[in-house]
Amino acid sequence: MSSLAPRSLKWRKLGRIFDPAQFELPNHCEEFAQSPQALVFDDFVRIYFSARERDSRNGKYLSHVCFADFTKDFREVTRVSDRTVIELGKLGCFDEHGIFPMNVLRYGDKVYGYTCGWSRRTSVSVETSVGLAISVDDGLTFRRIGDGPVLTSSLHEPFLVGDAFVRVHGDLFHMWYIFGTAWKRASEFAAPERTYKIGHAVSHDGVSWIKEEARQIIPDRLDSDESQALPTVARIGERYHMIFCYRQSTDFRANKDRGYRLGHAWSTDMGGWNRDDASVGIDVSPDGWDSDMLCYPHMFECNGRTYLLYNGNEFGRHGFGIAVLE
């Protein structure tokens, strides 16, 4: 690849590398391995994900963050966490009912974990915000810097702030995240469904953030009700590439034609983004675990190569796979 990287990407799938049904997960989690996020070590790669437990009080899900360690060729799982790496939030806090996803990055001798905390509502199903937890033991455990979020709803982003992806460029932390634009009912008696877009914020310390308030940085491809989620950004050559997932805001759970696909945008300065989904370089498979849906992507570098983690059918119920950039 030339130093001026092409706008088009081409990924080679290496297959599904983690199936939660094949492992004993902590906290009675039995399903899902959602939003895989990598932390690279000298001789292995730790991949964090969110698994689900059934709340015995009401039968609803609680999302917990776990990890699996892989050899650097991603062919072998060498360890699975025997406990969740961060406890759920206290009663009434923003992350009381789950954490999904958690984005990790090294900063100095610590590992920062930006969480997306979930709390249930009555009129709508959920509210989300972004928290920060820090690890001093190489990512085995994380401790919150406080019980509240570091990025949350505001005057022009009144709900559903989450899905943070954070990286440091120069002397600034950059966060790409999502914010809600609407809750709507498809019919009079239907449950409300949410719509959200991708935004951007900066920080000097990773704690206090300045949003580009309510600026949707990735244009819609479907229509104004398109939901965009989980951005991930990597510099390839002299361009920045963002991969994210998008879907229709209604009838997306069982209708694969309205479910999640991966989208792509590129930028030369991280300020203006040019959407070009035709150049994302990866799509659903003809059959199998990722034939109906691709979602929750995460790009990272390892041994001089760029990799893409992602979930497949049923929002990650059947685990995650990996692809390598060619």
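Pockets and backbone quirks in a predicted model

This is a predicted model. In it, β2 (31-40), β6, β10 (162-169), β14 and β18 (295-302) each give at least two residues to the lining of the second largest pocket.

Q: Which strand supplies the largest share of the lining of the second largest pocket?
A: Let's start with the candidates: β2, β6, β10, β14 and β18 each bring at least two residues to this lining. One of these strands has the largest share, with four residues, and that strand is β10.

Q: What is the volume of the second largest pocket, and which residues are closest to its centre?
A: The space here comes to about 390 Å³. The lining is made up of 18 residues. Closest to the centre of this pocket are A38, R167, M299, F300 and E301.

Q: How many residues in the lining of the second largest pocket are nonpolar?
A: Sorting the lining by class gives two polar and four charged residues. The nonpolar class has twelve.

Q: Which residues lie nearest the centre of the largest pocket?
A: This pocket holds about 1,000 Å³ of space. Its lining has 40 residues. Nearest the centre you'll find R52, W118, V126, R194 and R253.

Q: Which strand gives the largest share of the lining of the largest pocket?
A: By class, this lining has 19 nonpolar, nine polar and twelve charged residues. The largest share from one element is four residues, and they come from strand β7 (residues 110-120).

Q: Where is the cis peptide bond that involves P101?
A: P101 sits in strand β6, which covers residues 99-107. Omega is about 0 degrees at the bond in question, and that cis bond joins F100 and P101.

Q: Is L230 buried or exposed?
A: L230 belongs to strand β14 (residues 227-236). Its phi is near 45 degrees, a positive value in a residue that isn't glycine. Buried means under 20% relative accessible area. L230 has a relative accessible area of 2%, so this residue is buried.

Q: Why does D251 count as partly exposed?
A: D251 is in the loop between β15 (239-247) and β16 (261-267). Like a few other things in this model, its backbone deserves a glance: phi is positive, about 55 degrees, although D251 is not a glycine. Partly exposed falls between the 20% limit for buried and the 50% limit for exposed. D251 counts as partly exposed because its relative accessibility is 47%.

Definitions and conventions. Residues are numbered from 1 along each chain as its sequence is written. This is a predicted model: local features need pLDDT of at least 70, side-chain atom pairs count only at pLDDT 80 or more; totals for chains, interfaces and linings use all residues. Side-chain values use heavy atoms; hydrogens and water are left out. Buried means under 20% relative accessible area, exposed over 50%, partly exposed in between (1.4 Å probe, protein chains only). On a 1 Å grid over the protein atoms alone, a cavity is a set of points where a 1.4 Å probe fits but cannot get out, and a pocket is an open set with protein on both sides within 12 Å along at least five of seven lines; lining residues have an atom within 4 Å of a point. Grid points are joined across faces, edges and corners, and a volume is the space filled by probe spheres set on the points. Ala, Val, Leu, Ile, Met, Phe, Trp, Tyr, Cys and Pro count as nonpolar, Asp, Glu, Lys and Arg as charged, and the others, Gly among them, as polar.
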